[in-house]
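Trainee: Could you take me slowly through one part of this model and then show me how that part fits with the rest? I would like a connected account that I can follow with the structure in front of me.

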Amino acid sequence: MALLKTNGVIIKTRDYKENDKLVWIFSESQGKITAIAKGAKKSRSKLFTCTLALSYGEYVLFQGKNLYTLQEGKINNSFQGLMGNLEKLTYSSYICELIDICLEEGEKNEQLYKDFITCLYLLNTDALDYEILIRSFELRVMKATGYGLNFDNCVMCKQKISTSNYMNLTYYGGVCDKCEKVHGINISRAAYSALKFLNHTSMDKVYRLTLTKEIKKEVEKINTMIISSNYSKKPKSLEMLKYIKE
Ligand SMILES: [Zn+2]
């Protein structure tokens with residue numbers, strides 16, 4: 001057994017036996033891993049706080065044959081500010097769920113890890129359109145896992161395009177006016193521009209974008225279609241938010 005130390009965020013937890021917990025950590029050095037945290041269900045355990053969902057800390061783990069064992073954890077940021085706001089809590093649960101769905105056990109992705117931490121920090125701030133931030137994060141997840149969208153070239157003939165009114169969902173991108181519009185959906189040029197902007201802009205600058213409710217809906221629809229048809233499971237965290245908002 002080898003001992004290792006890594007930064008990471010608890011993205012999912014499950015009770016295990018009487019006092020233990022299983023925790024899923026999106027870690028900087030090992031990617032998405034599952035660890036057993038012995039005794040962590042007890043409030044006096046030294047593992048209690050660092051194994052709560054959304055805890056961000058430095059974790060010391062033993063790497064066993066099938067599973068890691070969590071030895072200790074030191075909290076960097078527990079993102080408690082996210083807990084007091086239902087919208088922020090739902091979005092942060094959602095990005096954790098997305099990571100869980102899009103990465104295999106042991107799959108590492110440094111860029112996605114950085115984006116994930118940035119997204120949590122930005123959710124933890126105020127005066128930001130969280131919905132737009134989440135769409136931006138989704139585009140990053142897609143890019144990092146091989147489903148990046150192409151807005152600069154027609155995905156059929158490769159000709160350069162600056163805009164489009166059709167997204168091909170087999171080749172993940174826009175289609176020019178001359179090519180056949182199949183295997184995808186119509187999209188307004190405004191929504192196309194919004195997606196293109198989000199795809200090319202870092203998350204800390206998405207606040208520059210303002211979108212109408214209709215455009216937001218279109219952008220959400222495109223992302224949701226790609227996410228739900230390409231990953232192993234369909235994310236469920238946002239369903240509650242829809243129910244609350246309507
Ligand atoms: Zn074309």
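Mentor: Glu220 lies in helix α5, and in this predicted model Glu220 counts as partly exposed because it has 16 C-beta neighbours inside 10 Å, where a residue needs 20 or more to be called buried and 12 or fewer to be called exposed. The C-alpha atom of Glu220 is separated by 9.0 Å from that of Glu131, although the two residues are 89 residues apart along the chain.

Lys216 also lies in helix α5, and Lys216 is partly exposed, with 16 other C-beta atoms within 10 Å. If you leave aside its neighbours within four places in sequence, Lys216 is in contact with Glu131 and Leu211. Lys216 and Asn186, by comparison, are 30 residues apart in sequence and lie 15 Å apart in space when taken from C-alpha to C-alpha.

Now look at the helix as a whole, and at its partner. Helix α5, which covers residues 213–230, packs with helix α4, residues 189–200, at an angle of about 65°, and the axes of the two helices are 9 Å apart. Their crossing is right-handed. On the α4 side the meeting residues are Ala190, Ala191, Ala194 and Leu195, while Ile215, Glu218, Val219 and Ile222 face them from α5. Sorted by class, this contact has 7 nonpolar residues, no polar residues and 1 charged residue.

One residue of that contact, Leu195 in α4, leads us into the interior. The largest nonpolar core has 60 residues, and Leu195 is among those with the most contacts inside it, together with Val9, Ile25, Ile95, Ile99 and Phe116. This core lies between domain 1 (2–78) and domain 2 (81–245), because both domains give residues to it. As general background, nonpolar side chains tend to be buried together in soluble globular proteins. To see one member of the core in its surroundings, take Ile25, which touches Gly8, Val9, Ile10, Ile11, Ile33, Ala35 and Tyr59 when residues up to four places away in sequence are not counted.

The two domains deserve a view of their own. The protein chain is divided into domain 1 (2–78) and domain 2 (81–245), and the centres of these domains, taken over C-alpha atoms, are separated by 29 Å. Their contact takes 13 residues from domain 1 and 14 residues from domain 2. On the side of domain 1 that touches domain 2, the strands β1 (2–16), β2 (20–27) and β3 (31–37) each supply at least two residues, and β3 gives the most, with 4 residues. By class, that side of domain 1 has 7 nonpolar, 3 polar and 3 charged residues.

From these strands you can move on to the loops that follow them. Lys17 has its place in the loop between β1 and β2, and Lys17 is exposed, since 10 other C-beta atoms lie within 10 Å of its own. The backbone of Lys17 also deserves a look, for this residue has a positive phi of about 50° although it is not a glycine. Most residues other than glycine have a negative phi. Tyr172 likewise has a positive phi, of about 55°, and is not a glycine; you will find Tyr172 in the loop between β6 (166–168) and β7 (173–174), where Tyr172 is partly exposed, with 19 other C-beta atoms within 10 Å.

Lys38 sits in the loop between β3 and β4 (56–63), and with 17 other C-beta atoms within 10 Å, Lys38 is partly exposed. The C-alpha atoms of Lys38 and Leu22 are separated by 8.6 Å, while the residues themselves are 16 residues apart along the chain.

Asn165 brings us back towards the helices where we began. Asn165 is found in the loop between α3 (130–144) and β6, and Asn165 is partly exposed, with 14 other C-beta atoms within 10 Å. Its contacts, leaving aside neighbours within four places in sequence, are with Asn186, Ile187, Ser188, Arg189 and Tyr192. The C-alpha atoms of Asn165 and Ile187 are separated by 4.9 Å, although these residues are 22 residues apart along the chain.

Methods:
Residues numbered from 1 in each chain as written. Predicted model: local features only at pLDDT ≥ 70, side-chain atom pairs only at ≥ 80, totals over all residues. Axes fitted to C-alpha atoms, helices over the stretch in contact; angles between N-to-C directions. Left-handed = near helix turned anticlockwise from the far one by under 90°. Contact = placed C-beta atoms within 7 Å. Nonpolar A, V, L, I, M, F, W, Y, C, P; charged D, E, K, R; others polar. Core = buried A, V, L, I, M, F, W, Y, C linked by C-beta atoms within 7 Å. Domains from an automatic or database assignment.
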